[in-house]
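Q: Could you take me through one part of this protein in detail? I would like a close look at the largest nonpolar core and what sits in it.

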Amino acid sequence: MGTCAPYTRREGFTPLTKTPKEILAMDNVNFPPPPSMVGTPKKQNMNKKIGSSGERHQARRPEGQGLCQRKREGYQHVVVDALIEGFRVRRIHVDGSSSSEVMYEHCFRNLSYRTRPRLKESRVPLVGFSGEVSYPLGVINLEFTMGDCGITRTVIMEFAVVKSPSPYNALLGRTGMRSLGAVVSTIHSMIKFPTSNGIATIATTRETLRECRQIEEAQALSRRARVTDPTPMQTSSEVTNPRVSLASVETRPRRPRKEPIQLDDMEEMRQLDKGRKPPKSCVEEKIVNVDIFAWTPADMTGIPRAITEHSLDTYPHIEPKAQKKRSLALDRRKVVTDEVNEWLKAGIVRRVRYPTWVANPVLVKKVDGSWRMCIDFKDLNKACPKDLYPLPEIDWKIESLMGFQYKCFLDAYKGYHQIQMTKKDEEKTAFHTEEGVFCYTKMPFGLKNAGATYQRLVDSAFKEQIGVNLKAYVDDMVIKSRTGQDIIKDIEQTFST
């Protein structure tokens with residue numbers, strides 16, 4: 001076995017002969033005791049000390065300072081009040097996990113009637129934490145003022161209006177907090193932001209949190225009752241807003257001072273309005289505007305060429321093609337003759353003698369057993385370029401009607417036949433009949449770009465209403481309103497257009 005060499009002492013190095021505890025005891029150094037650890041309520045209850053007599057005493061905390069007390073009182077939520085478009089809106093949840101500002105429908109409906117028409121259509125979906133996707137009713141830019149006692153700040157925020165039950169009226173997300181320059185403390189349930197007069201501080205009150213908790217419990221009871229009892233329940237706005245108030249701004253001279261508008265009273269008026277019959281003025285308006293309704297093709301006045309007309313713009317390198325005439329059965333032949341004679345009287349078609357493009361009529365049976373006359377324009381459509389004007393998404397149009405109590409559905413009577421064909425393209429729409437060859441002077445169904453031309457006309461004619469109180473998909477239109485008085489005004493506006 002090898003031998004171990006003895007320890008060689010180096011100059012300048014003195015080995016320790018005492019432990020650190022002995023050294024500190026000789027120096028008489030008094031260190032302060034470490035602070036008590038703050039843990040979970042379960043660990044705090046285990047923090048017990050033994051007295052000199054051997055009995056156990058529980059370590060006491062200052063009243064109201066423990067995490068249990070904070071969680072029980074709900075101090076982790078920041079719920080504040082603010083002025084939105086001159087109305088004081090309570091129960092605005094400051095949510096740092098939200099990437100956008102949200103206003104719930106029951107709050108939006110109680111804004112001014114001058115403000116609500118500013119709602120714009122939005123196709124951006126809202127995605128929740130669990131992956132659920134929902135589409136808002138629209139977006140709107142609103143004036144948002146936060147603060148009190150002269151220390152306020154006003155910014156313009158874009159709110160997404162959502163139809164969903166909630167104990168809150170709105171959510172203030174990260175974008176809004178950045179606009180305000182706000183700093184949020186969930187521990188202290190406060191929000192601070194700079195203003196021209198100093199730093200504004202807004203704290204959440206226990207009364208507000210208690211009110212939110214009561215509303216949330218009422219919503220839970222309502223949902224459970226709706227599952228167990230199939231009878232109609234209250235609407236979300238009736239349950240979620242038992243005591244929401246919207247008060248007018250006192251700092252604006254143009255608004256007269258008035259008592260705060262209570263949502264309960266407005267909901268009662270809205271519920272009473274649901275059971276009322278339409279006013280007589282509704283019928284009178286229809287009688288006054290009877291001239292805009294068309295009952296036969298001869299009643300259609302048509303759209304002036306200066307506004308719009310349909311052009312084919314066929315490719316010059318494609319040769320015209322005349323289809324060979326097809327024979328029809330006697331009953332179908334009579335349908336074609338009657339239809340063409342009716343169009344001839346209304347000026348929708350005219351006779352042509354030397355056409356270069358000729359197609360054949362095609363009859364399709366309807367659900368009620370009658371025949372629909374169409375023209376086989378497949379050869380002509382191949383020679384026409386595609387008009388890329390976008391058509392609306394029908395699913396989104398239907399979804400945007402949610403929340404509107406009153407709806408008026410309109411269908412344009414032979415809407416395509418109200419748009420005239422260009423003079424140079426009329427004879428390209430020629431078709432065979434037993435009575436001769438006819439061509440269209442008005443835009444027919446079945447052409448390649450007919451839908452895009454009609455949608456462009458509708459979007460141009462109703463550009464002030466689309467997205468506000470009107471939805472249009474080609475020749476189908478819906479007027480939407482929230483009250484019986486508004487639907488009359490909206491219909492009158494549409495008819496005057």
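A: Happy to; here is a walk through that core, with a few stops elsewhere.

Please keep in mind that this is a predicted model. The largest nonpolar core holds 42 residues, and those touching the most other members are Met-373, Phe-431, Tyr-440 and Tyr-454. Several helices and strands feed into this core with at least two residues each: the helices are α10 (330-346), α13 (450-461) and α14 (484-496), and the strands are β19 (371-375), β20 (406-411), β22 (436-440), β23 (470-473) and β24 (476-481). There is also a second, separate core of 31 residues, with Val-80, Val-94, Ala-182 and Ile-202 among them.

Phe-431 is a good place to pause. Leaving aside residues up to four places away in sequence, Phe-431 touches Val-340, Val-349, Val-358, Ala-359, Met-373, Ile-375, Gly-436, Val-437, Phe-438, Cys-439 and Tyr-440. Phe-431 counts as buried because its relative accessibility is 0%, under the 20% cut-off. Tyr-440, at 3%, is therefore buried by that cut-off too. In general, nonpolar side chains in soluble globular proteins tend to be buried together.

Now for the rings. The whole structure contains 7 aromatic pairs. One of them joins Phe-431 and Tyr-440 in a tilted arrangement, with 5.4 Å from centre to centre and 40° between the planes. Ring pairs also link Trp-343, Phe-431, Phe-438 and Tyr-440 into a cluster. As for a charge over a ring, Arg-482 lies over the face of Phe-404, 4.1 Å from the ring centre.

Cys-439, one of the contacts of Phe-431, has a relative accessible area of 0%, so it is buried. Cys-107 is buried as well, at 3%. If you were wondering about disulfides, a search of the whole structure finds 0.

Two of the contributing strands, β23 and β24, pair in the antiparallel sense over 4 bridges. Lys-471 has Val-478 in β24 as its bridge partner. The hairpin that these strands make has 2 residues between them, and Val-474 there takes a positive phi near 55°.

A last stop is the loop between α9 (280-288) and α10, where Pro-320 is found. Pro-320 is partly exposed, with a relative accessible area of 40%. Beyond residues up to four places away in sequence, Pro-320 touches Thr-356 and Trp-357. Pro-320 and Trp-357 are 37 residues apart in sequence, yet their C-alpha atoms are 5.4 Å apart in space.

Note on methods. Residues numbered from 1 in each chain as written. Predicted model: local features only at pLDDT ≥ 70, side-chain atom pairs only at ≥ 80, totals over all residues. Heavy atoms only, no water. Core = buried A, V, L, I, M, F, W, Y, C linked by side-chain atoms within 4.5 Å. Buried < 20%, exposed > 50% of the residue type's maximum accessible area, 1.4 Å probe, protein only. Contact = heavy atoms within 4.5 Å. Pairing = 2+ DSSP bridges. Disulfide = S-S within 2.5 Å. Phe/Tyr/Trp six-rings, centres within 6.5 Å; stacked < 30°, edge-to-face > 60°. Lys NZ or Arg CZ within 6 Å of the ring centre and 35° of its normal.
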